[in-house]
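Biologist: Please take a close look at the charged side chains in this model. I would like to know how they pair up and where they sit.

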Amino acid sequence: MSQEPQVEFMRNRKQRHRSSRSKKSFGGQVVAELKDWLLTAVIVFAVMSVLNIFVFNISTVKGQSMQPTLLEGERLFINKLSLIFVNPKHGDVVILHDPSTGPSRKDFLVKRVIGIPGDIIEVKDHQLYVNGKIVNEPYIDTEIEDPDFAALTVESGSYFVMGDNRHASASKDSRYFGSIPQDMIVGRADYIWWPLSKLKGL
């Protein structure tokens, strides 16, 4: 009796087994790859979320209160980490929670730090004074068109902020809602990063 049919049968059986095992192996590799990608995506999302909460953020300028320094639609890199170690200082551009109420309230505002705790702020003859001295403000394009106000002292742990747009009623700031507590400041705007043609530090 010839052994050829039996040998051929065994060969075909081994090939089918090998093919089946190859398919299972390929399927297992696909599943393993998908798991790796999913794990990587979860880790990246978690890391970016932590960085976004504690280290940096991207903010888009809305409104005209910081013109001519900032224009609507420009995007800012917000440094949250720096204010953990260093208090805001004169001239810093900061992002803060809007302390006002009413229908015009926004989630966030971008303003410039004018007064730090203990400073005496005054607007006289449409000029800004801090601690009795006129402040040189190269970032504005007009004198203060809103009414003058008498000298006031910035409370401990608070900051007096103003928009760079000094045209009449152009900025809702500490002249409207008073000094803001430090914990309302989200971070410092370090530079404009978009559009790239406007890339610069603040």
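Modeller: A salt bridge here is a side-chain nitrogen of Lys or Arg within 4 Å of a carboxyl oxygen of Asp or Glu. By this rule the count comes to 8 salt bridges. Keep in mind that the model is predicted.

First, the setting. The chain has 202 residues, and 31% of them count as buried. It holds 3 helices and 12 strands. Among contacts with a separation of 6 or more, 58% are between residues 24 or more positions apart.

Start with Arg112 and Asp164. Their side chains meet in a salt bridge, with 2.7 Å from N to O. This pair links distant parts of the chain. Arg112 is in strand β4. Asp164 is in the loop between β9 (158–162) and α3 (174–177). The two are 52 residues apart. Both Arg112 and Asp164 are buried.

Next, Glu137 and Arg166. Their side chains also form a salt bridge, at 2.7 Å from N to O. This pair, too, links distant parts of the chain. Glu137 sits in the loop between β7 (133–134) and β8 (149–153). Arg166 sits in the loop between β9 and α3. They are 29 residues apart. How buried are they? Buried means under 20% relative accessible area. Glu137 has 9% relative accessibility, so Glu137 counts as buried. Arg166 has 0%, so Arg166 counts as buried as well.

Then there is Asp190 with Arg188. Their side chains meet in a salt bridge, again 2.7 Å from N to O. Asp190 counts as buried because its relative accessibility is 18%, and the limit is under 20%. Elsewhere, Asp146, Asp173 and Arg175 are joined into one network by salt bridges that share partners.

Now a charged residue without such a partner. Lys111 lies in strand β4 (residues 108–115). Lys111 is buried yet has no salt bridge. The nearest side chain of opposite charge is Asp173, 5.1 Å away. A salt bridge needs a nitrogen within 4 Å of a carboxyl oxygen, so 5.1 Å does not qualify. Lys111 does have a polar contact: its side chain and that of Ser171 are joined at 3.0 Å. Beyond residues up to four places away in sequence, Lys111 touches a list of others. Among them are Ser65, Met66, Asp92, Val161, Gly163, Ser171, Lys172 and Asp173.

Ala168 is worth a look in the loop between β9 and α3. Leaving aside neighbours within four places in sequence, Ala168 is in contact with Glu145 and Asp146. The C-alpha atoms of Ala168 and Asp146 are separated by 5.0 Å, although the two residues are 22 apart along the chain. Ala168 has a relative accessible area of 46%, so Ala168 is partly exposed. Asp146, its contact, belongs to the network with Asp173 and Arg175.

Last, a nonpolar counterpoint at the surface. The chain exposes about 12,900 Å², and carbon and sulfur atoms supply 59% of that. Leu81, Ile84, Phe85 and Val86 form a nonpolar surface patch. Together they have about 420 Å² of accessible area. Phe85 is found in helix α2 (residues 82–85). Phe85 is exposed because its relative accessible area is 67%, and exposed means over 50%.

Methods: Residues are numbered from 1 along each chain as its sequence is written. This is a predicted model: local features need pLDDT of at least 70, side-chain atom pairs count only at pLDDT 80 or more; totals for chains, interfaces and linings use all residues. Side-chain values use heavy atoms; hydrogens and water are left out. Helices (H or I, at least four residues) and strands (E, at least two) are DSSP runs, numbered from the N terminus. Buried means under 20% relative accessible area, exposed over 50%, partly exposed in between (1.4 Å probe, protein chains only). Contact means heavy atoms within 4.5 Å. Accessible areas come from the Shrake-Rupley method with a 1.4 Å probe; for residues, only the protein chains shown count as cover. Patches are made of residues with over 30% relative accessible area and no salt bridge: like charges are joined within 9 Å, nonpolar side chains (Val, Leu, Ile, Met, Phe, Trp, Tyr) within 5 Å. Lys and Arg count as positive and Asp and Glu as negative; His and the chain ends are not counted. A polar contact is a pair of N or O atoms within 3.5 Å; within protein, one must be able to donate a hydrogen and the other to accept it, and residues adjacent in sequence count only if both atoms are side-chain atoms.
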